[in-house]
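Work through the exercises below with the structure open. Each one gives a task and then a solution in steps.

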Amino acid sequence: MTPSASTAQRVPPGHILRYSFRERLVHWLAALSYIYLLVTGLAFWSPWLFWIAVALGGAPISRMLHPWFGLVFIIGIIQMYGLWASQMGFNDVDRAWMKSMSHYIQNQDESMPPAGRYNAGQKMLFWGFMIFGTLLFLSGLVLWFPEYIPWSLRWVRYISVVVHASSAMATVGLFLIHVYMGVFAERGALDSVIHGDVTEDFVRRFHPGWYKEIMGSSTTTTRK
Amino acid sequence: MSQATLRVQKISGHAGTVPGEDAQREYAVCKLIDTTTCIGCKACEVACMEWNDLPFGETVFGNTYQTMPETRWNYWNLILFNEHETEDGSLMWLMRKNQCMHCADPGCLAACPSDGAIVQYTNGIVDFQQANCIGCGYCITGCPFDIPKMNPKTNRVFKCTLCADRVSEGLEPACIKSCPTGCLHFGSKEDMKYLGEGRAKQLREHSNFPHAGVYDPPGVGGTGVIYVLHDASKPENYGGLPSNPSIPFMVKLWKGPLKWLGNVAMVGGLIGLVVHYLRFGPKSREEEAEVPHKGA
């Protein structure tokens with residue numbers, strides 16, 4: 001899929017370029033805006049977390065900036081869709097991967113079907129953020145200007161507050177798993193989205209299907 | 001009624017206890033509006049503007065006597081004029097002074113995320129504290145009466161205060177003071193209910209209004225502003241007064257079960273991830289053991 005990308009940036013020997021500069025930039029655009037949205041959103045979510053908004057310069061400022069960061073985030077979401085949607089379709093390997101998810105959770109990665117550049121879990125994360133990000137954006141537009149929704153259309157406001165909160169909760173779940181996987185569980189993953197490259201071993205271990213795809217034709221032997 | 005009536009019994013967006021809760025025995029105050037004796041003179045509108053020192057805005061001529069279509073951030077008290085055709089074909093002119101209802105169970109306060117932006121005093125008055133307001137407009141969504149209005153310039157929400165400043169000094173609200181027909185009364189909730197029910201009984205028994213009654217909707221826990229209506233079975237005729245108002249279901253869902261579900265899921269998720277890490281650890285630990293194989 002991205003052999004051409006590997007020529008675009010030099011990586012250390014034994015490493016493979018996993019994320020292009022553009023992919024990394026878009027990831028962090030969405031990630032950093034999401035984190036601001038998350039913490040200010042949590043401040044409005046619960047009185048027990050209202051102090052977060054105070055710490056970030058006061059709740060009126062948080063309320064004023066939250067929607068603007070939402071616009072940055074939706075730009076990130078749209079960019080991500082353009083970059084990755086074509087790679088995020090579910091295939092037979094992904095369906096088999098889903099069935100053996102319990103092995104994945106128990107770190108029995110050798111028992112997993114050979115995932116491609118993205119495994120089924122990552123694909124679900126992607127589509128989860130696409131769907132809930134879009135819902136957050138649409139409901140967020142209503143919550144940005146509730147005073148302009150006429151009384152006769154007040155049901156739009158009622159739906160929006162529930163959709164916004166529940167979609168946000170869904171993304172919190174996705175976000176927690178994503179950060180856990182990227183920072184704690186899969187060593188090398190955080191590095192890859194900062195510097196772009198991963199070790200060959202990382203690719204062989206977690207994305208054997210992709211490894212085969214980019215190496216298979218050019219190398220003389222295939223492992224196993 | 002002393003200064004003590006401005007102790008606070010409910011606070012929006014507030015973690016922990018409320019200082020004034022259960023702290024006094026003073027009664028709830030109430031405004032009684034007898035729509036059957038209102039002549040639509042708008043003296044209450046003027047008194048409200050004067051006492052609260054609200055900046056003037058443009059009025060709108062909509063082919064009725066009504067000053068503007070609905071209340072505004074700087075126009076808290078508006079008489080709604082409704083021409084109503086009765087069953088026998090005769091016309092009635094229903095006039096209702098519209099303002100904040102000061103619900104015992106206020107939807108604005110339930111929806112508000114900002115600590116102390118909306119308070120309810122122990123005398124029942126629901127008051128917006130603009131200094132604590134963050135301009136999110138959730139109160140607009142929470143209110144079943146379409147009362148809170150946003151000042152577009154400052155992004156702060158305003159509404160009738162039931163002249164909390166006057167009431168705390170033992171005075172009646174400005175609108176009450178100005179009413180020339182005596183259709184407005186102010187006192188304890190108990191007294192106003194008694195007065196209203198008496199008037200409704202009179203209307204039923206002596207004035208051919210068999211459905212006359214007092215509007216004090218239980219869905220919001222009763223209100224600090226109650227109406228005597230000629231026909232209490234059809235409050236919608238009085239400029240869309242809802243017959244059974246309550247905090248919108250979706251707002252209750254959002255601030256109730258959804259909040260708990262979300263909190264449990266978030267805290268549970270965090271605990272789950274920590275436990276997973278302690279039990280299974282990072283994925284790549286075995287990779288290090290595999291390194292010697294790599295060269296082979």
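**Exercise 1.** Find how strands β2 and β11 of chain B are joined, and in which sense they run.

*Solution.* In this predicted model, start with β2 of chain B, residues 29–34, and then locate β11 of chain B, residues 225–229. The two strands run parallel, and four bridges join them. As a check on the pairing, look at B:Asp34: opposite this residue stands B:Val228 of β11(B).

**Exercise 2.** Place these strands in their sheet and identify the edges.

*Solution.* The open sheet of chain B has four strands, ordered β9-β2-β11-β10, with mixed pairing. β9 (184–188) and β10 (213–215) of chain B each have a single partner strand, so one side of each lacks a neighbour in the sheet; these two are the edges. From one strand to the next, the twist averages 25 degrees. Next, add helix α6 of chain B, residues 189–206, which packs on the sheet and touches β2, β9, β10 and β11 of chain B. The direction of α6(B) makes about 140 degrees with that of β9(B).

**Exercise 3.** Describe the hairpin of β3(B) and β4(B).

*Solution.* β3 (residues 78–85) and β4 (residues 91–98) of chain B pair in the antiparallel sense, over eight bridges. Within this pair, B:Glu83 stands opposite B:Trp93 in β4(B). Five residues lie between the strands, and in this hairpin B:Gly89 takes a positive phi near 90 degrees.

**Exercise 4.** Which helix gives the largest share of the side of chain A that touches chain B?

*Solution.* The contact involves 32 residues from chain A and 33 residues from chain B. On the chain A side, α4 (59–84), α8 (154–185) and α10 (200–206) each supply at least two residues. The largest share, 14 residues, comes from α8(A). Sorted by class, this side has 19 nonpolar, five polar and eight charged residues.

How values were computed. Residues numbered from 1 in each chain as written. Chains lettered and ligands numbered in written order. Predicted model: local features only at pLDDT ≥ 70, side-chain atom pairs only at ≥ 80, totals over all residues. Contact = placed C-beta atoms within 7 Å. Nonpolar A, V, L, I, M, F, W, Y, C, P; charged D, E, K, R; others polar. Pairing = 2+ DSSP bridges. Axes fitted to C-alpha atoms, helices over the stretch in contact; angles between N-to-C directions.
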